[in-house]
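Here is a short note for a colleague opening this entry for the first time. Please keep the sequence and the model side by side while reading.

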Number of protein chains: 2
Amino acid sequence: MATAIRNASPIHFGPFPVTTQVFHLTRYSYALVNLKPILPGHVLVSPRRGVPRVADLTPPEASDLFLTVRRVARMVERVYGASSLNIAIQDGVDAGQSVPHVHAHVIPRKKLDLEARGGVDAVYELLEGEEGDLGRILSEKPGDGTGVVEGKGENGGRRRRFPKVDDEDRRPRSLEEMEQEARFLMAEMEMEKEGDE
Amino acid sequence: MATAIRNASPIHFGPFPVTTQVFHLTRYSYALVNLKPILPGHVLVSPRRGVPRVADLTPPEASDLFLTVRRVARMVERVYGASSLNIAIQDGVDAGQSVPHVHAHVIPRKKLDLEARGGVDAVYELLEGEEGDLGRILSEKPGDGTGVVEGKGENGGRRRRFPKVDDEDRRPRSLEEMEQEARFLMAEMEMEKEGDE
């Protein structure tokens, strides 16, 4: 799989090259680790073709995307010792999408895992701006840990209703750290049955 | 389609019969209107087989579920004049799932549609407990409009971090109102291309 990913490079997430963060590749989809995971094992699954909307996918691409989400979800739930999963797609800018490339968030959940940060549904508040941060570090420089993402809040009509919770604990990870996790998950992914394809 | 749905009845969402709220039926999936839509056109897509987790689906069921989400999403975006969509699955109780039957929320979004209710990402807060409410009205009696759902908050470790916003404006709809919308959406669904299948 490592060879397949290298040979397929460069893989892009929107305008950003992310090849070394990718840990799984199918005919139409790829999975990558996240810059600021909300919880351990929070990863993204995207189509290889960089289209903005789910409706832009061909039926085989759409079908493969969800089967890949499912397989990746099963893996991260096992590896991170979770018991549930959030799967979420912000499909279009007015739904909160910050990088115009279809992507599904896959977030392993455990009982009471966000109790200190707002409860079970705080996961959604924490989702805000993840991809924007990922884009920034990949294209420019490491984030400053403020959680403030350029290009939002002013022209997008977004505003933050709720105070940020413990954002200082979620500093962007280094590329090295992300690549290390990608290599680890690549090996774990090989252990999953490929019966879906 | 109306005949197909009648002939397939009773269709269940978890333990609850929902046949008259269903507006689309495929080999493996169905789509139904919501008791308390967060926004106009907020609907649910489920597998016909009532399993709790995405991992419980067969590959053909999983693939059909997402292609159905996509087709239904395209329809509600058109019919409700939206520009984006939120697609969300709470896969397991520790991710906020309140009815143990796989279901994807499909929510049409417009620019600034939730500005008065907390901003673009308030949609997630508002998601809390929808299915529980649906279950309650179908099985027992109409909701009291408090948004409080039985069986949560005490044993699930959930707690409400944020004050509820305008919940009094989202009283549960009557069965008649839901059936009327289901008939309307059934007709609109017929106008979508069936090229995915």
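The points below take up an annotated domain, some listed binding-site residues, a helix and the nonpolar cores.

1. The model is predicted. In an unreviewed entry, UniProt places the feature "domain: HIT" at residues 9-116 of chain A. That span is 19% helix and 30% strand, and its end C-alpha atoms lie 40 Å apart.

2. UniProt, again in an unreviewed entry, lists residues for "binding site", among them Asn34(A) and His105(A). Asn34(A) sits in the loop that runs between β4 (29-33) and β5 (43-47) of chain A, whereas His105(A) belongs to strand β7 (residues 104-109) of chain A.

3. Are these two residues buried or exposed? Asn34(A) has a relative accessible area of 0% and His105(A) one of 1%; because buried means under 20%, both count as buried.

4. His42(A) links the pair. Its side chain makes a polar contact of 3.1 Å with the side chain of Asn34(A), and another, of 3.0 Å, with the side chain of His105(A).

5. In chain B, helix α2 (residues 59-79) has 21 residues and reaches 30 Å from its first C-alpha to its last, close to the 30 Å expected. Of its 21 residues 16 are buried, so α2(B) is largely enclosed by the rest of the structure. Gly81(B), just after α2(B), takes a positive phi of about 60°.

6. The largest nonpolar core has 82 residues, and Phe23(A) and Phe23(B) have the most contacts inside it. Apart from it lies another core, of 20 residues, including Ile107(A) and Leu39(B).

7. The residues touched by Phe23(B) include Val72(B), Met75(B), Leu185(B) and Met189(B).

Note on methods:
Residues are numbered from 1 along each chain as its sequence is written. Chains are lettered from A and ligands numbered from 1 in the order in which they are written. This is a predicted model: local features need pLDDT of at least 70, side-chain atom pairs count only at pLDDT 80 or more; totals for chains, interfaces and linings use all residues. Side-chain values use heavy atoms; hydrogens and water are left out. UniProt positions are given in the numbering used here, feature names are shortened, and annotations may be inferred rather than shown by experiment. Helices (H or I, at least four residues) and strands (E, at least two) are DSSP runs, numbered from the N terminus. The expected span of a helix is 1.5 Å times one less than its number of residues. Buried means under 20% relative accessible area, exposed over 50%, partly exposed in between (1.4 Å probe, protein chains only). A nonpolar core is a set of buried Ala, Val, Leu, Ile, Met, Phe, Trp, Tyr and Cys residues joined through side-chain atoms within 4.5 Å. Contact means heavy atoms within 4.5 Å. A polar contact is a pair of N or O atoms within 3.5 Å; within protein, one must be able to donate a hydrogen and the other to accept it, and residues adjacent in sequence count only if both atoms are side-chain atoms. Lists of a residue's contacts leave out its neighbours within four places in sequence.
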